[in-house]
Amino acid sequence: MIKRPSPSISTRKQPKQARATELVAAILEAAAQVLASEGAQRFTTTRVAEKAGVSVGSLYQYFPNKAALLFRLQSDEWRQTTDLLCGNFQDVSQPPLGRVRTLVHAFIRSECEEAAVRGALNDAAPLYRDAPEAQEAKAMADRTVQSFTLETLPGAPEAVRAMTAELIMKTLSAVGADFSAKERTSAEIETYSDALADMFCAYLRSLGHRG
């Protein structure tokens, strides 16, 4: 049974007016900047409020503590990654291997651009991996990749397609995290992404893709 996040990491209330929405957006932007510069261990609501130019009391209207802020940043990161994955794999205007290449380039670029925040979130991620948001994001990503492998390898056994889906997901995650661990130039990102995409495409062809 999946446990829901406790109230201590849940958003206190949802903004309903434009001004409140802008306030929450400013707080989240400031939170991401503080997290990137200070890391998870030195991340505090006071620093975030100062960076956002709001009072701590205003911040607490929406986020009761730093755990709630970190959870929101983590949830947003899950959603953005899932949207990136699903948007590319479901883009039927491109052939399957074209989708793979587009996804790899977009994913590696995103990992490099947001490396500081994602690296800091990794310290807090174990606290939230059992949250419904994490499970829902993973389930959606898994379904999308499974559908893609069925489309790309219709004649392959189910076990082979399952292994392929797992290999793509785990390789993207591991390689993206490792490659983005240090600052990269645009040329390095393009070259690396091309090489990784070539590997995926060659593997899919070896399994029988004839598109």
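This is a short talk on the fold, one helix pair, the largest pocket and a few single residues of the protein shown above.

Let me say at the outset that we are looking at a predicted model, and that every value I quote has been computed from it. The secondary structure comes to nine helices and zero strands, so that anyone reading along the sequence meets the pattern α-α-α-α-α-α-α-α-α. Taken along the principal axes, the C-alpha atoms fill a box of roughly 60 × 40 × 30 Å. The protein has 211 residues, and 41% of them count as buried. If we take contacts between residues at least 6 apart in sequence, 74% of these join residues at least 24 apart.

I turn now to one pair of helices. Two packed helices are described by the angle between their axes and by the distance between those axes. For helix α5, which covers residues 96–113, and helix α9, which covers residues 186–206, the angle is about 145° and the axes lie 9 Å apart. The crossing of α5 and α9 is right-handed. On the α5 side, the contact is made by Leu97, Val100, Arg101, Val104, His105, Ile108, Arg109 and Cys112, while the contributors from α9 include Ile189, Ser193, Leu196, Ala197, Phe200, Cys201 and Leu204, together with charged residues, among them Glu190, Asp194, Asp198 and Arg205. Sorted by character, the residues of this contact come to 11 nonpolar, two polar and six charged.

Leu196 of α9 also leads us to helix α8, where Val175 is placed. Val175 touches Tyr192 and Leu196, if we set aside residues up to four places away in sequence. Val175 and Leu196 are 21 residues apart along the sequence, and their C-alpha atoms are 8.9 Å apart in space.

Next comes the largest pocket, and here the general idea is that rolling a probe the size of a water molecule over the atoms shows where empty space is left. How much space lies in the largest pocket? The computed figure is about 1,100 Å³. Its lining is made up of 33 residues, and those that lie nearest the centre of the pocket are Glu77, Trp78, Thr81, Met169 and Ser173. The elements that give two or more residues to this lining are α4, α5, α6, α7 and α8, with α4 running over 66–89, α6 over 115–124, α7 over 132–152 and α8 over 158–179. By character, the lining divides into 16 nonpolar, nine polar and eight charged residues.

Two of the residues nearest the pocket centre, Glu77 and Thr81, appear again among the contacts of Arg118, which sits in helix α6. Leaving aside neighbours within four places in sequence, Arg118 is in contact with Glu77, Thr81, Ser110 and Glu111. Is Arg118 buried or exposed? With a relative accessible area of 9%, Arg118 falls under the 20% cut-off and is therefore buried. Arg118 and Pro96 are 22 residues apart in sequence, and from C-alpha to C-alpha they are 28 Å apart.

Let me stay with helix α4 for a moment, since both Gln74 and Ser75 are found there. Gln74 counts as buried, because its relative accessibility is 4%, and its contacts, not counting residues up to four places away in sequence, are Leu121, Ala125 and Tyr128. Ser75 is also buried, with a relative accessible area of 14%. Ser75 and Ala131 are 56 residues apart along the chain, and their C-alpha atoms are separated by 9.3 Å.

My last residue is Val48, which has its place in helix α2, residues 45–52. Why does Val48 count as buried? It does so because its relative accessible area is 0%. Apart from residues up to four places away in sequence, Val48 touches Ile27, Ala30, Ala31, Val34, Phe43, Leu59 and Leu69. Between Val48 and Ser206, which are 158 residues apart along the chain, the C-alpha separation is 50 Å.

Definitions and conventions: Residues are numbered from 1 along each chain as its sequence is written. This is a predicted model: local features need pLDDT of at least 70, side-chain atom pairs count only at pLDDT 80 or more; totals for chains, interfaces and linings use all residues. Side-chain values use heavy atoms; hydrogens and water are left out. Axes are lines fitted to C-alpha atoms, for helices over the stretch in contact, and angles run from 0 to 180 degrees between N-to-C directions. Helices (H or I, at least four residues) and strands (E, at least two) are DSSP runs, numbered from the N terminus. A crossing is left-handed if the near helix is turned anticlockwise from the far one by less than a right angle, and right-handed if clockwise. Contact means heavy atoms within 4.5 Å. On a 1 Å grid over the protein atoms alone, a cavity is a set of points where a 1.4 Å probe fits but cannot get out, and a pocket is an open set with protein on both sides within 12 Å along at least five of seven lines; lining residues have an atom within 4 Å of a point. Grid points are joined across faces, edges and corners, and a volume is the space filled by probe spheres set on the points. Buried means under 20% relative accessible area, exposed over 50%, partly exposed in between (1.4 Å probe, protein chains only).
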